[in-house]
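Thanks for asking me to look this one over. My notes follow as numbered points, to be read with the structure open beside them.

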Amino acid sequence: QVQLVESGGGLVQAGGSLRLSCAASRSTFSIFAIGWYRQAPGKQRELDATISPRGSTNYADSVKGRFTISRDNAKNTVYLQMNSLKPEDTAVYYCNTASATAPWGQGTQVTVSA
């Protein structure tokens with residue numbers, strides 16, 4: 001079972017950028033489609049972006065054009081480049097398989113100030 005660890009969150013002003021990283025524990029990570037999820041206070045976890053093993057991507061409408069998901073299979077890592085951040089992007093961000101089959105990690109907090 002693959003284990004995933006998120007990092008890269010922080011506090012940023014509206015309009016700023018952050019890059020999140022998701023490091024996997026196993027080289028078999030490369031066979032999985034991976035997703036970045038967010039959970040804002042009091043809200044359900046939702047899926048922002050996914051990337052297939054070969055690099056095909058999909059985005060939620062709310063982040064399309066602002067976020068970019070990418071992967072480096074040689075490093076067992078998936079990234080989420082977040083640009084033009086908005087206060088409503090404030091949440092804990094998690095990575096998991098696109099089907100959410102791995103154990104959930106601690107996530108990484110992203111806070112966007114107005």
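1. What percentage of the 114 residues in the protein is buried? Buried residues account for 41% of them. Please keep in mind that this is a predicted model.

2. Let me begin with the overall fold. The protein has ten strands and zero helices, so reading from the N terminus you meet β-β-β-β-β-β-β-β-β-β. Among contacts with a separation of 6 or more, 55% are between residues 24 or more positions apart.

3. Now the overall dimensions. The radius of gyration is 13 Å, which agrees with the value near 13 Å that a compact globule of 114 residues would have. Along the principal axes, the C-alpha atoms fill a box of roughly 40 × 25 × 20 Å. The protein exposes about 5,900 Å², and 47% of that area is supplied by carbon and sulfur atoms.

4. One sheet deserves a closer look. Its four strands lie in the order β1-β3-β8-β7, the pairing is antiparallel, and the sheet is open. At the edges are β1 (4-7) and β7 (67-72), each of which pairs on one side only. On average, neighbouring strands of this sheet are turned by 15 degrees against each other, direction ignored.

5. Strand β8 is a good place to pause. With residues 77-82, β8 pairs with β3 (residues 18-24) in the antiparallel sense over six bridges. Two positions let you check the register on screen: R19 stands opposite Q81, and L20 has L80 as its bridge partner. Why is β8 described as largely enclosed by the rest of the structure? Because five of its six residues are buried. As a reminder for viewing, side chains in a regular strand alternate between the two faces of the sheet.

6. On its other pairing, β8 meets β7, again in the antiparallel sense and over six bridges. Here R71 stands opposite V78 of β8. The hairpin formed by β7 and β8 has four residues between the strands, and N76 takes a positive phi near 50 degrees there.

7. Is R66 buried or exposed? R66 is buried, because its relative accessible area of 9% falls under the 20% cut-off. R66 is found in the loop between β6 (57-59) and β7. The R66 side chain makes a polar contact with the side chain of D89, at 2.7 Å. Leaving aside residues up to four places away in sequence, R66 touches Q81, M82, N83, S84, L85, K86 and D89. Q81 thus appears twice in this note, as a residue touched by R66 and as the one opposite R19.

8. T97 is my last stop. T97 sits in strand β9 (residues 91-97) and is buried, with a relative accessible area of 3%. Which residue's side chain is joined to that of T97 by a polar contact of 3.4 Å? The partner is N96. Beyond residues up to four places away in sequence, T97 touches V2, L4, F32, A33, I34, G35, Y37 and A102. W36 is also worth locating: W36 and T97 are 61 residues apart along the chain, yet their C-alpha atoms are separated by 8.5 Å.

Technical notes:
Residues numbered from 1 in each chain as written. Predicted model: local features only at pLDDT ≥ 70, side-chain atom pairs only at ≥ 80, totals over all residues. Heavy atoms only, no water. Pairing = 2+ DSSP bridges. Axes fitted to C-alpha atoms, helices over the stretch in contact; angles between N-to-C directions. Buried < 20%, exposed > 50% of the residue type's maximum accessible area, 1.4 Å probe, protein only. Polar contact = N/O pair within 3.5 Å; in protein donor to acceptor, adjacent residues only side chain to side chain. Contact = heavy atoms within 4.5 Å. Rg over C-alpha atoms; globule rule 2.2 N^0.38 Å. Areas by Shrake-Rupley, 256 points an atom, 1.4 Å probe, with all protein chains shown as cover.
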